[in-house]
Each structure stands twice: as C-alpha cells, then as structure tokens.
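Trainee: I'm new to this one. Could we go through it together, and could you tell me why each label is used?

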Amino acid sequence: MSYTIENDGFEIIKDCIPSNKIQELQDYALSLLKYFERKGNLSLGDGELIGKITALENNNKYCFQEFCRMMGESLACQKIACQDDILNKAYNIFKHKNLNLVDCAVFFNHPEVERLQYKWHTEISYFPNCRELLTLWFPWVSKVNVENGTMVVARGSHLKSYPNQKIRKEGHLTQMKIDESYFSNDEKTPCELEIGDAVLFSAKCAHKTGTNLSEEARITMIVRYSEIDAKLDSGWV
C-alpha cells in the first residue's frame with residue numbers, strides 16, 4: 001500500500017538512499033567510535049557496528065549521547081538529507097524552498113534500554129511554534145521491522161490534535177505522551193524498511209517506538225526539515 005503525507009501523515013520512500021551514502025555514514029560511525037574509545041578509555045570490542053554502538057550506550061551514556069549528536073551533524077548525514085529527490089518532497093509539502101535542517105541524530109532502540117523508547121507522541125508537541133516540521137527517518141545499520149521494534153505510526157492522525165502529558169525523568173528522553181486510547185480506531189502501521197528506504201512524516205503524525213522483540217538494538221537516523229523562520233523551542237532534553 002502506498003501512503004502520502006497529505007492523506008496519511010507519512011510516506012514510505014523505497015530505495016531513496018544510495019548504498020554508497022549509507023557506507024559513508026557507516027564508515028564515519030566507525031571512525032567516531034574509535035575516537036570515543038580513546039576519549040572515554042573504553043573497549044567497544046571487535047564486533048560489528050551494531051555491537052559497538054550498543055557497547056558505547058552501555059558503558060558511557062555521555063559519550064553515547066555525543067555520538068548520536070555528532071552523527072547527525074556529519075557530512076555523510078547531510079548528504080543524505082540534501083538529496084534532490086528528498087528535498088523536492090519537502091519543498092512540495094512546505095510550498096517553498098526556504099528550509100533548514102534541524103535536530104539530526106541517531107535513534108537507538110534496545111529491549112533493555114527503556115529510557116530511549118518513545119511513547120505515542122507527535123513532533124509538533126515538542127515544537128509547538130512550528131507551522132510544520134518534516135522528519136526523515138531511516139535505517140543505516142540493519143533493516144527495521146516489527147521484530148526489532150521499528151517505528152509505528154497512526155495513519156491519518158495528522159488530521160487531528162491531541163492532549164499530551166509531559167513526562168521528564170533524569171537520564172530519560174522527555175516524553176510528550178498521548179494516551180493510546182486516542183488511536184483505538186486508527187490503523188497502526190509499522191514502518192518496515194530495508195537499508196536504503198526511509199519514512200518522511202509530518203510533525204502532526206502520531207507515532208511511537210515499537211517494542212523490540214529481538215536481542216539486538218534497532219538503530220536509525222533522523223533529520224528534520226523546518227522553515228527558516230520557525231521558532232524551534234523544543235522539549236527534547
């Protein structure tokens with residue numbers, strides 16, 4: 001089934017990120033992990049990328065947070081965000097080209113790391129002074145599916161508004177939680193993606209972190225597009 005941001009609140013874009021750009025992102029991640037091994041006097045093991053990132057989160061929360069931020073600021077990430085085909089979709093939604101990239105970062109979902117798992121929410125709750133904000137969400141380490149806790153979106157939820165509860169807990173992501181009962185009649189769509197695929201969704205589209213039933217972390221990247229004059233006072237921290 002095909003989805004559109006206008007009708008459904010999100011769009012799944014197949015094969016939109018070339019493998020060489022994914023490889024560049026992975027190579028940069030490995031270099032950055034070596035840096036944090038030296039900086040934090042850590043040993044992240046000799047395993048694959050997913051294991052090293054998991055070890056960093058487990059051993060040094062501060063270095064992990066910096067890694068997630070720096071990956072979002074990397075040239076490799078910016079190259080993906082600024083692809084013509086993806087930008088053109090954003091331009092069409094905003095109806096102009098005066099856009100900015102904001103809040104790019106790595107997202108991490110491990111079954112044992114509850115502090116990084118989002119409940120039902122909308123991005124507009126974190127950026128209430130934005131008219132619109134588009135998020136591009138994509139896997140770059142391994143594919144994402146129901147088994148490893150991919151993002152779940154409520155189809156058509158962007159056409160409504162919801163009360164939310166702000167929940168802050170030290171060391172955890174700030175939650176702008178929407179009660180799940182509001183989505184009892186909505187189609188809940190797991191975003192199952194191969195590497196190279198992405199989801200583009202509206203700030204008004206409700207979504208949550210899926211339950212990770214696997215033994216490995218689900219690792220993705222987000223980039224956000226806003227209007228240049230948007231007031232980006234957020235509640236992420």
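Trainee: What makes the meeting of the side chains of Arg 224 and Glu 123 a salt bridge?

Mentor: Keep in mind that this is a predicted model. A salt bridge needs a side-chain nitrogen of Lys or Arg within 4 Å of a carboxyl oxygen of Asp or Glu. Arg 224 and Glu 123 have their N to O distance at 2.2 Å, so the pair fits that cut-off of 4 Å.

Trainee: Where in the chain do Arg 224 and Glu 123 sit?

Mentor: In distant parts: Arg 224 belongs to strand 10, while Glu 123 is in the loop between strand 2 and strand 3, 101 residues apart. And both Arg 224 and Glu 123 are buried.

Trainee: How many salt bridges does the structure hold?

Mentor: There are 13. One of them joins the side chains of Glu 24 and Lys 79, at 2.9 Å from N to O. Glu 24 lies in helix 2 and Lys 79 in helix 5, so this pair ties together parts 55 residues apart in sequence.

Trainee: Why is Glu 24 called partly exposed?

Mentor: Buried means under 20% relative accessible area and exposed means over 50%, with partly exposed in between. Glu 24 has 29%, so partly exposed is the right label. Lys 79, with 36%, is partly exposed as well.

Trainee: What about Glu 57 and Lys 61: how do you know that their side chains meet in a salt bridge?

Mentor: Their N to O distance is 3.8 Å, and the limit is 4 Å, so the pair counts. Glu 57 is buried, with a relative accessible area of 4%, whereas Lys 61 is partly exposed at 40%. Elsewhere, Asp 8, Arg 155 and Glu 187 are linked in a network of salt bridges.

Trainee: On to helix 2. How do you know that its buried residues line one face?

Mentor: Start with who they are: Ile 22, Leu 25, Gln 26, Ala 29, Leu 32, Leu 33, Phe 36 and Glu 37. Looking down the axis of helix 2, you'd find these buried residues within an arc of 150 degrees, so they line one face. The face turned away from that buried side carries the exposed residues Asn 20, Lys 34 and Arg 38.

Trainee: What do the buried residues of helix 2 pack against?

Mentor: Helix 3, helix 4, helix 5, strand 3 and strand 10. Turning to helix 3, its own buried residues pack against helix 2, helix 4, strand 2 and strand 10.

Trainee: What span is expected for helix 2, and what does it reach?

Mentor: Helix 2 covers residues 19-40, which is 22 residues, and 32 Å is expected at 1.5 Å a residue. From first C-alpha to last, helix 2 reaches 31 Å, close to that value. Just after helix 2, Asn 41 takes a positive phi of about 50 degrees.

Trainee: Now the rings. How many aromatic pairs are there?

Mentor: The count comes to eight. Phe 107 and Tyr 118 make one of them, with 6.0 Å between centres and 20 degrees between planes.

Trainee: What makes the pair of Phe 107 and Tyr 118 stacked?

Mentor: Ring centres must lie within 6.5 Å to pair, and planes under 30 degrees apart count as stacked. With 6.0 Å and 20 degrees, Phe 107 and Tyr 118 meet both conditions. Phe 107 is in strand 2 and Tyr 118 in the loop between strand 2 and strand 3, so the pair ties together parts 11 residues apart in sequence.

Trainee: And why are Tyr 118 and Tyr 126 called edge-to-face?

Mentor: Their planes stand at 85 degrees and their centres are 6.3 Å apart, so the pair is edge-to-face; the label calls for over 60 degrees. Tyr 118 is buried at 6% relative accessible area, and Tyr 126 is buried at 1%.

Trainee: Which side chain reaches the backbone nitrogen of Tyr 118?

Mentor: That of Thr 209, at 2.8 Å. Thr 209 is in strand 9, and its relative accessible area of 14% makes it buried, as the cut-off is under 20%. Leaving out residues up to four places away in sequence, Thr 209 touches several residues, including Asn 109, Gly 149 and Arg 218.

Terms used:
Residues are numbered from 1 along each chain as its sequence is written. This is a predicted model: local features need pLDDT of at least 70, side-chain atom pairs count only at pLDDT 80 or more; totals for chains, interfaces and linings use all residues. Side-chain values use heavy atoms; hydrogens and water are left out. Helices (H or I, at least four residues) and strands (E, at least two) are DSSP runs, numbered from the N terminus. Buried means under 20% relative accessible area, exposed over 50%, partly exposed in between (1.4 Å probe, protein chains only). The expected span of a helix is 1.5 Å times one less than its number of residues. The arc is that of the directions from the helix axis to the C-beta atoms. Contact means heavy atoms within 4.5 Å. A polar contact is a pair of N or O atoms within 3.5 Å; within protein, one must be able to donate a hydrogen and the other to accept it, and residues adjacent in sequence count only if both atoms are side-chain atoms.
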